[in-house]
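Student: I should like to work through the architecture of this chain with you, step by step. May we put the structure in view before we begin?

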Amino acid sequence: MKIAMLGSLGHINRIVVPQLIQAGHEVTVISTNPERQATIEALGAHAAIGTMTDADFLTSTFTGQDVVYLMLSGSTGDDLFQSAVSQAQI
């Protein structure tokens, strides 16, 4: 199964990604940090470097995936709820 995951290698993905790869899944990990690319690829995953606010990047990364794991991350202002709404609308 092809799986794309938001959240880079944070608290959840650093545990889940290796397990998915070991189970034989093809995993793409989305990160905003180009310095994480080598670490992601060392796990056996594909690294997709971009932002959650770039609809074109997300569209191309999600195309062809069987599963997309989404998470809201990083508030872009003082209003956490409004930040989440903005991310979800992309």
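The following exchange treats the sheet, its strands and the helices that pack on it.

Student: To begin, in what order do the elements of the chain run from the N terminus on?
Tutor: The model is a predicted one. The chain contains four helices and four strands. From the N terminus on, these elements run β-α-β-α-β-α-β-α.

Student: In what order do the four strands stand in the sheet?
Tutor: The sheet is open, and its pairing is parallel. Strand 3 (46-49) and strand 4 (67-69) each have a single partner strand, so they stand at the edges with one side left without a neighbour in the sheet. From one strand to the next the twist averages 20°. The order of the strands is 3-2-1-4.

Student: How many bridges pair strand 1 with strand 2?
Tutor: The two strands pair in the parallel sense. One of the partnerships links Met 5 to Val 29 of strand 2, and another links Leu 6 to Ile 30. The number of bridges between strand 1 and strand 2 is five.

Student: What is the handedness of the β-α-β crossover from strand 1 to strand 2?
Tutor: The path leaves strand 1, passes through helix 1 and enters strand 2. This crossover is right-handed.

Student: Which residue of strand 4 is the bridge partner of Ala 4?
Tutor: Strand 1 (residues 2-6) and strand 4 run parallel and are joined by three bridges. Within this pair of strands, Ile 3 stands opposite Val 67. The bridge partner of Ala 4 is Val 68.

Student: Which residue of strand 3 is the bridge partner of Ile 30?
Tutor: Strand 2 and strand 3 run parallel, with four bridges joining them. On the strand 1 side, Ile 30 is the bridge partner of Leu 6. In strand 3, the partner of Ile 30 is Ala 48.

Student: Through which helix does the chain cross from strand 2 to strand 3?
Tutor: This connection is a β-α-β crossover, and its hand is right-handed. The helix through which the chain passes is helix 2 (residues 37-42).

Student: How many residues of strand 2 are buried?
Tutor: A residue counts as buried when its relative accessible area is under 20%. In strand 1, four of the five residues are buried, so that strand is largely enclosed by the rest of the structure. Strand 2 is mostly covered as well, and the number of its six residues that are buried is five.

Student: Within what arc do the buried residues of helix 1 fall?
Tutor: The buried residues in helix 1 include Asn 13, Val 17 and Leu 20. An α-helix has 3.6 residues a turn, so residues three or four places apart point the same way. On the face turned away from the buried side, helix 1 carries the exposed residues Arg 14 and Gln 22. Seen down the axis, the buried residues line one face of the helix, because they fall within an arc of 70°.

Student: Which strands does helix 1 touch?
Tutor: Helix 1 (residues 13-22) packs on the sheet, and its direction makes about 170° with that of strand 1. What covers its buried residues includes strand 1, strand 2 and strand 4. The strands that helix 1 touches are strand 1, strand 2 (26-31) and strand 4.

Student: Which strands do the buried residues of helix 3 pack against?
Tutor: The buried residues of helix 3 are Phe 57, Leu 58 and Thr 61. They cover an arc of only 95° around the axis, which puts them on the same side of helix 3. The face turned away from that side carries the exposed residues Asp 56 and Ser 60. The buried residues of helix 3 pack against strand 1, strand 2 and strand 3.

Student: Is Ser 8 buried or exposed?
Tutor: Ser 8 lies in the loop between strand 1 and helix 1. Its phi is near 50°, a positive value in a residue other than glycine. The cut-off for burial is under 20% relative accessible area. At 8% relative accessibility, Ser 8 therefore counts as buried.

Student: Finally, what percentage of the residues of the chain count as buried?
Tutor: The accessible surface of the chain comes to about 5600 Å², of which 54% belongs to carbon and sulfur atoms. Of the 90 residues of the chain, the share that counts as buried is 28%.

Terms used:
Residues are numbered from 1 along each chain as its sequence is written. This is a predicted model: local features need pLDDT of at least 70, side-chain atom pairs count only at pLDDT 80 or more; totals for chains, interfaces and linings use all residues. Side-chain values use heavy atoms; hydrogens and water are left out. Two strands pair if DSSP finds at least two bridges between them. Axes are lines fitted to C-alpha atoms, for helices over the stretch in contact, and angles run from 0 to 180 degrees between N-to-C directions. Contact means heavy atoms within 4.5 Å. Buried means under 20% relative accessible area, exposed over 50%, partly exposed in between (1.4 Å probe, protein chains only). Accessible areas come from the Shrake-Rupley method with a 1.4 Å probe; for residues, only the protein chains shown count as cover. The arc is that of the directions from the helix axis to the C-beta atoms. A crossover is right-handed if, with the strands pointing away from the viewer, the path from the first strand over the helix to the second runs clockwise.
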